[in-house]
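Student: I am new to this structure and would like to take a close look at a single part of it. Could you walk me through that part slowly, with each term explained where it comes up?

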Amino acid sequence: MKTNYHTHSNYCDGKASPREMVEFAVAHGFSHLGFSGHAPLPYENSFSIKNNQYTDYCDTVRALKEEFAGRIAISLGLEIDYIPGLHEDFKPLIERGGLDYTIGSVHLIPNPDSIEYLRDHPAEAADYLWMIDGSRYQTYDEGLQRHYHGDIRRGVRDFFYQNNAMIESQRPTIIGHFDKIVMHNRDRYFQYDEPWFRNLLYETVELIKEVGSICEVNTRGIYKGRHYDYYPAKSTIKHMNGLGIPVMVSTDAHAPEDLIKTEGAEDFLREINYKEIITQL
Ligand SMILES: [Zn+2]
Ligand SMILES: [Zn+2]
């Protein structure tokens with residue numbers, strides 16, 4: 001059964017309309033497709049759904065759900081950024097949109113010293129956030145210098161603390177790529193195996209276990225050629241299996257053809273006898 005619940009469209013930074021995504025999924029035998037556009041944020045940016053387009057996004061996905069009923073089960077979701085001081089409460093968006101599910105993700109990190117300022121000046125947020133995602137590793141390096149004076153351990157620690165606060169307070173249906181901080185690291189500042197990094201990582205894994213969220217196995221880094229492993233990494237997935245944490249393979253599709261780029265994740269999970277594999281919500 002082919003399914004995907006981490007799907008973007010041209011309402012945010014995706015390349016195709018929701019309809020084009022659905023048509024590709026139907027043509028490729030998908031039984032379920034969940035839309036998870038980047039949630040609107042209270043400052044101007046180039047990647048998220050605009051505030052004044054949010055209702056339109058929800059209506060469009062819901063209309064497709066009706067139209068394609070019986071051929072494919074469509075769900076309405078969001079990939080929501082948790083940002084201390086700027087965007088902490090998922091509930092208004094969930095209620096306004098009548099969402100079926102949420103993916104909670106961290107892409108933008110404020111230095112803790114900036115959080116109070118951010119609370120009062122949301123429009124200036126772009127200047128106070130370390131962007132750990134995106135296509136350029138230079139953006140990561142520049143942000144690390146600017147917001148953390150190059151102190152990678154503090155930056156990584158804040159990334160995990162931010163994930164932890166999100167998991168505990170918002171309990172998203174699915175936890176998005178919670179080790180993506182390694183992508184633009186490219187094994188330069190630290191190694192995945194270093195004990196301080198493992199400790200932070202496994203602390204977050206424990207919290208996911210505690211709240212009972214599903215953890216995604218995100219394949220995008222591999223097919224975009226930005227990383228050599230899934231998010232989270234294979235070694236972390238093995239650790240999660242020992243704790244009985246449910247996982248779901250997701251392609252984080254930004255274009256129709258991305259939907260089928262699972263990069264061997266199902267086979268990998270089978271090979272390691274992963275116990276709790278979720279394929280539909
Ligand atoms: Zn993401
Ligand atoms: Zn995404």
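Student: Which strands does helix 1 lie across, and at about what angle does it run to strand 2?

Tutor: Before the answer, a word on the model: it is predicted, so local features need pLDDT of at least 70 and side-chain atom pairs count only at pLDDT 80 or more, while totals for chains, interfaces and linings use all residues. Residues are numbered from 1 along each chain as its sequence is written, and chains are lettered from A and ligands numbered from 1 in the order in which they are written.

Helix 1 (residues 18–27) lies across strand 2 and strand 3, and it runs at about 155° to strand 2. Helices (H or I, at least four residues) and strands (E, at least two) are DSSP runs, numbered from the N terminus. The angle is taken between axes, which are lines fitted to C-alpha atoms, for helices over the stretch in contact, and it runs from 0 to 180 degrees between N-to-C directions; two residues are in contact if their C-beta atoms, placed from the backbone, lie within 7 Å.

Now consider strand 2 itself, residues 30–38. Of its 9 residues, 7 are buried, so strand 2 is largely enclosed by the rest of the structure. A residue is called buried if 20 or more other C-beta atoms lie within 10 Å of its own, exposed if 12 or fewer, and partly exposed in between, with the C-beta atoms placed from the backbone.

The neighbours of strand 2 come next. Strand 1 pairs with strand 2 in the parallel sense over 3 bridges, where two strands count as paired if DSSP finds at least two bridges between them. Within that pairing, N4 has L33 of strand 2 as its bridge partner. Between these two strands the chain passes through helix 1, and this β-α-β crossover from strand 1 to strand 2 is right-handed; the word means that, with the strands pointing away from the viewer, the path from the first strand over the helix to the second runs clockwise.

Strand 2 also pairs with strand 3 (residues 73–81), again in the parallel sense and over 7 bridges. Among the bridge partners, F35 is matched with L76 in strand 3, and H38 is matched with E79 in strand 3. Here the chain crosses from strand 2 through helix 2 (residues 54–67) to strand 3, in a β-α-β crossover that is right-handed.

Stepping back, these strands belong to an open sheet of 7 strands with the order 1-2-3-4-7-8-9 and parallel pairing. Strand 1 (2–4) and strand 9 stand at its edges with a single partner strand each, so one side of each is left without a neighbour in the sheet.

For strand 9 (residues 247–250), that partner is strand 8 (residues 214–218), which pairs with strand 9 in the parallel sense over 4 bridges. In this pairing E216 stands opposite M248 of strand 9. Although strand 9 is at an edge of the sheet, both of its faces are covered: V247 and V249 are buried on one side, and M248 and S250 are buried on the other. In a regular strand the side chains alternate between the two faces of the sheet.
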